[in-house]
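User: I'm new to this one. Can you walk me through it?
Analyst: Sure, here it is.

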Amino acid sequence: MSNEAGHVTGEDAVKFAYWVPNVSGGLVISNIEQRTSWDIDYNRKLAQIAEANGFDYALSQIRFTAGYGAEFQHESVSFSHALLAATERLKVIAAILPGPWNPALAAKQIATINHLTAGRVAVNIVSGWFRGEFAAIGEPWLDHDERYRRSEEFIRALRGIWTEDDFTFRGDFYRFSNYSLKPKPLDPLPEIFQGGSSRAARDMASRVSDWYFTNGNTPDEIRKQVEDIRAKAVQNGHHVKVGVNAFAIARETEAEAKAVLAEIIEKANPEAVNAFGHEVKNAGKASPEGEGNWAKSTFDDLVQYNDGFRSNLIGTPQQIAERILALKDAGADLILLGFLHFQEEVEFFGKRIIPLVRDLEAKRAKARQPADAAA
Ligand SMILES: Cc1cc2nc3c(=O)[nH]c(=O)nc-3n(C[C@H](O)[C@H](O)[C@H](O)COP(=O)(O)O)c2cc1C
């Protein structure tokens with residue numbers, strides 16, 4: 001689909017999301033200066049800047065304790081609601097952690113926010129990587145694949161509660177008997193995202209999630225993941241869309257952008273980066289395949305929580321726009337972005353890079369037309 005300007009629209013246009021900085025310390029484990037704040041005033045303004053500059057979604061984070069930075073953390077669902085109340089079009093994805101949340105509470109909370117915000121709230125069901133956090137709040141720490149088995153039941157229960165009357169469910173983790181949630185969310189239902197890219201995470205995506213979020217990576221590696229989950233999803237009669245994480249550093253010259261990356265890494269806090277790497281690698285090693293989201297992450301990668309440098313959106317606006325198209329070609333439907341100085345850089349990204357992406361998409365669509373017509 002395209003609009004009057006020839007720009008690709010709707011499902012065909014790659015979507016943009018930004019990480020809500022609702023925890024302190026930003027998105028990199030580094031002592032580099034960051035003009036970003038986790039407070040609500042900063043975040044309300046950021047959300048307004050994002051929706052005025054072409055962003056579709058904001059993703060909030062759930063953390064219960066500090067660890068490797070992130071000393072202060074606002075809760076994700078209530079914070080997401082505040083951002084929705086301050087905006088008109090932006091969709092906000094609230095992160096939810098099975099364990100502390102159960103599906104009855106989440107379904108009710110999100111259904112209410114859905115009504116209060118004309119359907120703009122979505123959820124990100126995260127399965128957890130931070131054992132110390134679970135210990136601190138007295139939550140049992142399940143084995144890796146058990147965490148995903150619980151998340152899958154959580155998602156099935158959430159969708160069941162949202163769509164059925166007299167919902168009855170007999171799972172290993174959750175049980176419902178003739179439960180009728182009223183009111184149900186508005187149609188269409190809140191979208192269900194998930195974070196995680198281990199075997200168990202992918203299999204869950206291919207069965208139940210609307211969206212699969214994965215850590216930053218090269219187009220080739222993203223393509224492999226997409227082919228894997230889409231092939232499985234087809235077998236399950238399911239369709240899943242893909243969001244890829246990236247940390248963007250856009251500057252007028254590539255040299256400037258690369259210098260910023262070098263400074264982030266040079267000023268990284270090695271103890272915190274190594275401790276974070278140890279924690280996340282251990283969380284993945286407990287999976288049957290002994291891997292997980294961060295299996296191949298180097299020290300430099302781990303300076304950004306979700307391998308965002310690997311997506312290489314670091315350079316001039318034109319270079320970044322072209323690399324986004326390469327990720328889209330590999331199967332990405334959405335690019336999730338972190339920045340050093342969020343307000344300034346979200347605006348710059350929206351004004352300078354999204355229009356280039358739309359132009360490139362339009363050129364591609366035009367180039368494809370004759371072939372399509374001949375087919
Ligand atoms: C985009 C994205 C967002 C995430 N957000 C959170 C979060 O807010 N809180 C959290 O504890 N974990 C979060 N995670 C971590 C995942 O839920 C999961 O525990 C992690 O990716 C481990 O995946 P694995 O099983 O593939 O190794 C996020 C992951 C991704 C990719």
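User: Let's start with strand 12. How many of its residues are buried?
Analyst: This is a predicted model. In strand 12, residues 334–338, 5 of the 5 residues are buried, so the strand is largely enclosed by the rest of the structure.

User: Which way do the residues of strand 12 point?
Analyst: Leu334, Leu336 and Gly338 point one way. Ile335 and Leu337 point the other way. Both sets are buried.

User: Which strand do the 4 bridges join to strand 12?
Analyst: Strand 1, residues 15–19. Strand 1 and strand 12 run parallel. Lysine 15 stands opposite leucine 334 there.

User: And how many bridges pair strand 9 with strand 12?
Analyst: Strand 9 pairs with strand 12 over 5 bridges, in the parallel sense. Leucine 334 turns up here too, as the bridge partner of glycine 243.

User: OK, switching to helices. How many residues does helix 7 have?
Analyst: Helix 7 covers residues 219–235, which is 17 residues. From first C-alpha to last, helix 7 reaches 24 Å, close to the 24 Å expected at 1.5 Å a residue.

User: Which residues of helix 7 are buried?
Analyst: Ile222, Gln225, Val226, Ile229 and Ala233. They cover an arc of only 100° around the axis, which puts them on the same side of helix 7.

User: Why would residues a few places apart point the same way?
Analyst: An α-helix has 3.6 residues a turn, so residues three or four places apart point the same way.

User: What's exposed on the other side of helix 7?
Analyst: Asp220, Lys224, Glu227, Val234 and Gln235 are exposed there.

User: Back to the buried side. What do the buried residues of helix 7 pack against?
Analyst: Two helices and two strands: helix 6 (199–207), helix 11 (317–329), strand 8 (211–214) and strand 9 (241–247). Strand 9 also pairs with strand 12.

User: What comes just after helix 7?
Analyst: Glycine 237, which takes a positive phi of about 65°.

User: Now zoom out. How many helices and strands are in the protein chain?
Analyst: The protein chain has 12 helices and 12 strands. Of its 375 residues, 55% count as buried.

User: What does the radius of gyration say about the protein chain?
Analyst: The value is 20 Å. A compact globule with 375 residues would be near 21 Å, so the two agree. The C-alpha trace spans about 60 × 55 × 40 Å along its principal axes.

User: Last one: how much area does the protein chain expose?
Analyst: About 15,800 Å², and carbon and sulfur atoms supply 51% of that.

Key
Residues are numbered from 1 along each chain as its sequence is written. This is a predicted model: local features need pLDDT of at least 70, side-chain atom pairs count only at pLDDT 80 or more; totals for chains, interfaces and linings use all residues. Side-chain values use heavy atoms; hydrogens and water are left out. The expected span of a helix is 1.5 Å times one less than its number of residues. Buried means under 20% relative accessible area, exposed over 50%, partly exposed in between (1.4 Å probe, protein chains only). The arc is that of the directions from the helix axis to the C-beta atoms. Contact means heavy atoms within 4.5 Å. Two strands pair if DSSP finds at least two bridges between them. The radius of gyration is taken over C-alpha atoms; the globule rule is 2.2 Å times the number of residues to the power 0.38. Accessible areas come from the Shrake-Rupley method with a 1.4 Å probe; for residues, only the protein chains shown count as cover.
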